[in-house]
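Hi,

Here is the structure I promised to pass along. Have a look at it first, and then read on for my notes on what turned up.

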Amino acid sequence: MHRNRGSFGRICTETMSCRWGTELWDQFDNLEKHTHWGIEFVERYTKFVKERSEIEISYAKQIRNLSKKYQPKKNSREEDEYKYTSCRAFLMTLNELNDYAGQHEVIAENLTTHIICELTRYIQELKAERKSHFHDGRRAQQHIENSWKQLESSKRRFERDCKEADRAQQYFDKIDADINVTKADVEKRCSLKARQQAQLKHQVAEDSKNEYLTYLQKFNKEQNEHYYNLIPHIFQKIQEMEEKRIEKVGESMKTYAEVNRKVLPIVSKCLDGMTNAAASIEPTMDTKQVVESFKSGFEPPGDVEVEDYSLSMRRTVSESSYLNSRGEGKPSRSNSRGKLWPFKRNKLMSLLASPRQPPPPPPTSPSPGAVPNGPQSPQQPKEPLSHRLNEFMTSKHKMQCLRSLTRGLSLKLGSGPEDCSHLPPEQRRKKLQAKINDINKELQKEVDQRDALTKMKDVYVKNPHMGDPNSVDPRLEEIGQDIDKLELESRKYEAWLLEVETRLAEKSDPHRRQSGLYESNATTPVNNNCAPVNRESPDGSYTEDHSTEHHLKSRSTDFDDDFDDEDPLPTIGTCKSLYPFEGQNEGTISMAEGELLYVIEEDKGDGWTRVRRNEDEEGYVPTSYIKVFFDTNAKDS
């Protein structure tokens, strides 16, 4: 059976064209294990690519979230920051980073499409093909094993029949050679049994021999077909399957590299964009933008003048005598000056009119009505309001502090007048110009829409079947009204802008400012409070004061005129007077026992509470004389 096996031991040729059918004819089980390992390797590589794709998707998602996190929010302060080149460069970097994340998504998509899906489908086909080849191999092995079993069975039967025929022949020969047996007995036994038995056994042995030879010839033929044709053919198919599997893995690895290389040009462009963004940063432009953003247009404050308080100790002047003594023979002053104070009248008056002495203690009498005039506040020399006003308004450093405080509050609250008068001159000019540009853009949109509707109406007039021309009229009328409103708004802001630019031009003209200064110095005597002659208003304009008397009167008058339209302070609660009080000091208000008043400003720690009786009467009363009922909501707001 195995006489030809030695001839199967061949080696691979120099060209490495080995054939599994001839070289591995007896390694059926090992080939089955090896091909199973090959399929597991493809599955493991597919899993590796799949995990890489998931990493790319997760990385791209995190990069996109990072880019989105640092993008400027709409309608927020961050949008104003992007007027600087460094912030714009950072925004460009974020956009390039977003595109960079997109390339990682492309990598994940291509890995899934060209490798994962292809290998998954190929693994299923590979498993089915392997199963078919090894099924054919097992069937061929089963057939040759069955042939071998038939040969072995016929051989054993032939051997048995030969032994029985030999024993029968030996028995016949023994009887025939016995001298003690008579001739009649010998003939009787040979003819009847021994001869017949020996002949029968010889015939059976001959038949068994012929059958054995037939099976032997058949087995040799089938064995030759099995090892030289069937097995080499099956193993060759398995070899081709394995080579195709290895080639598929190589193609997948090549595709894996190409997928990554394909995005490198775009990734390189993203990195170049980041480099260009960094190169676009200009420190000089950013520092210049800081000037454009925060330049107020004001001149630096001058030297603080000496304030001689010793003169007030030598004489006491009433408000009327103060004004009359300083108002004789002084020229009148024009009322063309702009607003000087950036805060409400009631706020300023509360600062000027607040009593300077502590409030009187509450009466100790159980019946406050028994006291004729109620508790009297301590009598002190009454300082004229005009003197306080003059002193307050002629102090330049105080004006600067108040101006900065008011402007800071306005900017912090994010609200201000429509003409942007709460802003410094330079910032006001930029704000008004930006507003005019926005209005012009809206106006251009409305004009374009009106022109389009007009053309549509003309088409409807010429072709009535396309539409009714009258259907466009309502919309045209509405757009016309919008255009009129926008034009009115534009003219209003242009007038404000012209005013600001005129003031800035006057301010930047040194000859005009010097002539005004000389004229003021020539006509203005030195007063006790040493008030400066040139005053700078919060909007950046300059005012020349020709006389101290007219300076004070004009300020008082303009102050009242400027703030007549201001709303009064809101009430924060009510109060009930416990004792009568006659307000004799400046800034106080009288009240009767049991009277109900409105509280508009609570006690700041000085013992006085500001109250209001009606729209025209308000002032301070001692906190200990009243019982206050605060409105929680109004107080919080």
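**The sheet**

Let me start with the five-stranded sheet: it is open, its strands follow the order 6-5-4-3-7, and the pairing is antiparallel. Strand 6 (618–622) and strand 7 (626–630) are the edge strands, each pairing on one side only. From one strand to the next, the twist averages 40°. Please keep in mind throughout that this is a predicted model.

Going through the pairs, strand 3 (residues 573–577) and strand 4 are antiparallel and share four bridges. One place to see this is Gly573, whose bridge partner in strand 4 is Val599. Strand 4 (residues 596–601) is in turn joined to strand 5 (residues 608–612) by three bridges, and these two strands also run antiparallel. Here Tyr598 has Arg612 in strand 5 as its bridge partner. Strands 4 and 5 form a hairpin with six residues between them. If you step through that turn, stop at Gly605, which has a positive phi of about 105°.

**Around Glu595**

Glu595 sits in the loop between strand 3 and strand 4. Which residues does Glu595 touch, not counting those up to four places away in sequence? They are Cys575, Lys576, Ser577 and Arg613. For Lys576, the C-alpha atom is separated from that of Glu595 by 5.7 Å, although the two residues are 19 apart along the chain. Another of these contacts, Cys575, counts as buried because its relative accessibility is 1%, against a cut-off of 20%.

**Cysteines**

While on the subject of cysteines, how many disulfides does the structure hold? The count is zero. Cys420 is another cysteine you may want to look at: with a relative accessible area of 10%, Cys420 is buried.

**Two helices**

Helix 6 (residues 264–279) is a nice one to view down its axis. Its 16 residues reach 22 Å from the first C-alpha to the last, close to the 22 Å expected at 1.5 Å a residue. Which residues of helix 6 are buried? They are Val267, Cys270, Gly273, Met274 and Ala277. These five cover an arc of only 110° around the axis, so they lie on the same side of helix 6. The general background is that an α-helix has 3.6 residues a turn, so residues three or four places apart point the same way. On the face turned away from that buried side, helix 6 carries the exposed residues Lys269, Thr275, Asn276 and Ala279.

The other helix to visit is helix 5 (residues 183–262), where you will find Gln239. Is Gln239 buried or exposed? Gln239 has a relative accessible area of 6%, under the 20% cut-off, and is therefore buried. Leaving aside neighbours within four places in sequence, Gln239 is in contact with Cys18, Arg19 and Trp20.

**The chain as a whole**

Finally, some totals. The protein chain has 17 helices and seven strands. Of its 637 residues, 35% count as buried. Among contacts between residues at least 6 apart in sequence, 75% join residues at least 24 apart.

Happy viewing, and do write back with any questions.

Best wishes

Conventions. Residues are numbered from 1 along each chain as its sequence is written. This is a predicted model: local features need pLDDT of at least 70, side-chain atom pairs count only at pLDDT 80 or more; totals for chains, interfaces and linings use all residues. Side-chain values use heavy atoms; hydrogens and water are left out. Buried means under 20% relative accessible area, exposed over 50%, partly exposed in between (1.4 Å probe, protein chains only). Contact means heavy atoms within 4.5 Å. The expected span of a helix is 1.5 Å times one less than its number of residues. The arc is that of the directions from the helix axis to the C-beta atoms. Two strands pair if DSSP finds at least two bridges between them. Axes are lines fitted to C-alpha atoms, for helices over the stretch in contact, and angles run from 0 to 180 degrees between N-to-C directions. A disulfide is a pair of cysteine sulfur atoms within 2.5 Å.
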